[in-house]
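This report describes one protein chain together with a bound ligand. The sequence and the structure are shown first, and the description follows.

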Amino acid sequence: MKSTLITGITGQDGSYLAEFLLKKGYKVYGLKRRTSTENNENIGHIQNQIELISGDLNDLPSLIEAIRISKPDEVYNLGAQSFVECSWSQPIYTTEITALGVTNILEAIRLVKPDTRFYQASSSEMFGKVLETPQKETTPFYPRSPYGVAKVYGHWISINYRESYNMFTSSGILFNHESPRRGLEFVTRKVTNTVAKIKLGLEDELRLGNLYAKRDWGFAGDYVEAMWLMLQQDQPDDYVIATGETHTVKELVEIAFEYVGLDWEKYVVTDPKFMRPAEVDILLGNPQKARKHLGWEPRVSFEELIKMMVDSDLAKFK
Ligand code: NAP
Ligand code: GDD
């Protein structure tokens, strides 16, 4: 039985990946930081099949202990301060977790079990003010947020441990991926959750920032399979994971409102509070390399994704 340690197991991707690896027959350990109130919403349904280890990406001794306990064949480093907007209000914290946290977990692996295969959750946010479209593995980075800068560090330190210590480290440069388990602060879930509330008479407006930003949005359930595939290859490498389609926030809003039979223009209010100091205007990924080498394809379309999320939020409030 293969053993795996997932950091960020309570998050969106961590929960889907844990389900996926359980189905593959893995012994699944999850690193979980201490919180004063329970936040096991995403993993409650599998909690008796996984083992949680208390630790924090900012605390090297706890990571060393987590590697000692789990003796992992594979580590998936999904833990991060992952909300871009928050990275302007908490830049130091974001750097400590999203950037230095990667070195901490790599050091723990190097010291305790250097033959562990390592996945780093890199991000399309690293392309920022894009230098070419569509973006692929060789597109230069131009991050536009403290989060994006931290992810560039995480990406390069993973490559550096591959080259310095011959460790098996692979990075997935994942474009935005969403699901009913997405945090409420991210734009897709904010839209689907508020649309459900408006439909049920629980809310009467949706306040948003930039409606013209474009993102390449896919389904998180599809994307965790790509993470696993990267660690099953003969050689470590980095891959873009995306759908190859881009849509504006406005299109997302239109689809969600139309699905419940409402006119979005009656409810959406633009609020400067949600505008960012520096915006990423367009992301569009080229997933050719993943398609060719990993045999990976996204399955859920943009429209299906939004409808799935609206349905889930409607069911929650009903
Ligand atoms: P998420 O839902 O925000 O989950 C983040 C996870 O990290 C949570 O489990 C969180 O724990 C944990 N975490 C935060 N600070 C930590 C710390 N100091 N020590 C240990 N764990 C900590 O994010 P996601 O959408 O699943 O994304 C997973 C990873 O992929 C992240 O690294 C993200 O930056 C990256 N990524 C995401 C996307 C996307 O579109 N979703 C795209 C590219 C890359 P709590 O539950 O305690 O907060
Ligand atoms: N969150 C949010 N809230 N975003 C809004 C809003 C709003 O009210 N109004 C417009 N937007 C725009 C943002 O300005 C941004 O251009 C876009 O919607 C998407 O914002 P988010 O959903 O917060 O995601 P993100 O693209 O900034 O970051 C996500 O994707 C990255 C990969 O590209 C996160 O999951 C990151 O962790 C991930 O790395």
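Does N166 count as buried or exposed? In this predicted model, N166 has a relative accessibility of 71% and therefore counts as exposed, since the cut-off for that class is over 50%. The residue is placed in the loop between α5 and β6 (169-174). Its phi is near 60 degrees, a positive value in a residue other than glycine.

K71 also has a positive phi, of about 40 degrees, although it is not a glycine. This residue sits in the loop between α2 (60-70) and β4 (74-77). With a relative accessibility of 56%, K71 counts as exposed. As background, most residues other than glycine have a negative phi, and most peptide bonds are trans. A further backbone feature is the cis peptide bond from T133 to P134, with omega near -5 degrees. P134 belongs to the loop between β5 (117-123) and α5 (146-165).

**Overall fold**

The chain contains 10 helices and 13 strands. Its radius of gyration is 19 Å, close to the 20 Å that the globule rule gives for 318 residues, so the chain is as compact as a globular protein of that length. Along the principal axes, the C-alpha atoms fill a box of roughly 60 × 45 × 40 Å. Of the 318 residues, 55% count as buried.

**Surroundings of ligand 2**

There are 24 residues around ligand 2, and those that come nearest are S82, S123, S124, Y147 and R276. Three serines among them place an N or O atom at a short listed distance from an oxygen atom of the ligand, as tabulated here.

| Residue | Protein atom | Distance to an oxygen atom of ligand 2 |
|---|---|---|
| S82 | backbone N or O | 2.6 Å |
| S123 | polar side-chain atom | 2.5 Å |
| S124 | polar side-chain atom | 2.6 Å |

The protein covers 96% of the 710 Å² of accessible area that ligand 2 has on its own. Two elements, α6 (187-199) and β8 (206-208), give two or more residues to the shell around the ligand. By class, this shell has 10 nonpolar, six polar and eight charged residues.

Which domains supply the shell around ligand 2 with at least three residues each? They are domain 1 (3-177 + 219-241) and domain 2 (181-216 + 245-283 + 300-317).

Conventions
Residues are numbered from 1 along each chain as its sequence is written. Chains are lettered from A and ligands numbered from 1 in the order in which they are written. This is a predicted model: local features need pLDDT of at least 70, side-chain atom pairs count only at pLDDT 80 or more; totals for chains, interfaces and linings use all residues. Side-chain values use heavy atoms; hydrogens and water are left out. A residue is near a molecule or strand if one of its heavy atoms lies within 4 Å of it. A polar contact is a pair of N or O atoms within 3.5 Å; within protein, one must be able to donate a hydrogen and the other to accept it, and residues adjacent in sequence count only if both atoms are side-chain atoms. Accessible areas come from the Shrake-Rupley method with a 1.4 Å probe; for residues, only the protein chains shown count as cover. Helices (H or I, at least four residues) and strands (E, at least two) are DSSP runs, numbered from the N terminus. Ala, Val, Leu, Ile, Met, Phe, Trp, Tyr, Cys and Pro count as nonpolar, Asp, Glu, Lys and Arg as charged, and the others, Gly among them, as polar. Domain bounds come from an automatic or database domain assignment. The radius of gyration is taken over C-alpha atoms; the globule rule is 2.2 Å times the number of residues to the power 0.38. Buried means under 20% relative accessible area, exposed over 50%, partly exposed in between (1.4 Å probe, protein chains only).
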